[in-house]
Amino acid sequence: MTKNPNLTSLGEGEDLARQRLHTELKLSAVELAATKPAPTNYAYQTHMAYQNQAHGKAALAAGLLPCYWLYNEVGRRLAQKHSPNPLYQEFFDSYASDDFSSSTNQMRAIVDELAAPLDEAAHEQMRQAFVKSCYYEEQFWQMAYEQQRWH
Ligand SMILES: Cc1ncc(C[n+]2csc(CCO)c2C)c(N)n1
């Protein structure tokens with residue numbers, strides 16, 4: 001499958017932002033590349049690819065919005081609580097930052113812009129993509145907590 005350049009760069013941006021974390025945790029690029037997505041991660045990525053292919057970029061953008069919005073909200077709340085673990089604090093601070101808040105607002109504006117010319121049926125597709133992503137966002141924390149694996 002040809003990679004979507006925009007989705008690839010989204011993932012790379014996140015990898016870049018986490019490089020210090022990877023170094024601190026002594027996770028090599030080889031180990032990271034060899035780590036396959038767990039089932040919930042796979043399902044979430046498949047959901048995004050499906051939204052893009054079946055319903056187009058407006059549904060994809062709606063499906064991506066919870067990634068930004070949730071992490072920005074969680075980051076802003078947890079950054080204020082000051083974790084004793086500097087790695088956690090750095091993680092929260094990055095998502096609470098003005099930079100990330102502005103990316104979140106930009107993403108919200110893109111969704112509004114893409115929705116504007118569309119009809120009610122397309123809006124419903126966007127809503128469904130958004131709600132499913134909210135479900136997967138919650139499941140993503142659970143996946144990590146349980147260290148979910150393929151059996
Ligand atoms: C499940 C899950 N949801 C959201 C994020 C945060 N995130 C990932 S990519 C991206 C866009 C630009 O960096 C954002 C906000 C995450 N790491 N994992």
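**View A. Residues around the ligand in the predicted model.** Nine residues surround the ligand, a residue counting as near if one of its heavy atoms lies within 4 Å; E14, Y71, F100, E137 and F140 come nearest. The model is predicted, with local features requiring pLDDT of at least 70 and side-chain atom pairs pLDDT 80 or more, while totals for chains, interfaces and linings use all residues. Residues are numbered from 1 along each chain as its sequence is written, and side-chain values use heavy atoms, without hydrogens or water.

**View B. Polar contacts of the ligand (pairs of N or O atoms within 3.5 Å).** A polar side-chain atom of E137 lies 2.8 Å from a ligand nitrogen atom. For Y71, the distance from a side-chain N or O atom to a nitrogen atom of the ligand is 3.2 Å. The protein buries 81% of the 430 Å² that the ligand exposes when taken alone (Shrake-Rupley method, 1.4 Å probe).

**View C. Helices forming the ligand shell.** Helix 1 (5–17), helix 5 (57–79) and helix 8 (120–145) each give two or more residues to the shell; helices are DSSP runs of H or I with at least four residues. Helix 5 supplies the largest share, 3 residues.

**View D. Lining of the largest cavity.** A cavity is a set of points, on a 1 Å grid over the protein atoms alone, where a 1.4 Å probe fits but cannot get out; lining residues have an atom within 4 Å of a point. The largest cavity holds about 40 Å³ of space, a volume being the space filled by probe spheres set on the points. A17, R18, L21, L87, E90 and F91 line this cavity, and helix 6 (residues 86–96) contributes the largest share of the lining, 3 residues.

Conventions: Polar contact = N/O pair within 3.5 Å; in protein donor to acceptor, adjacent residues only side chain to side chain. 1 Å grid on protein atoms, 1.4 Å probe; cavity = no way out; pocket = protein on both sides within 12 Å on 5 of 7 lines; lining within 4 Å.
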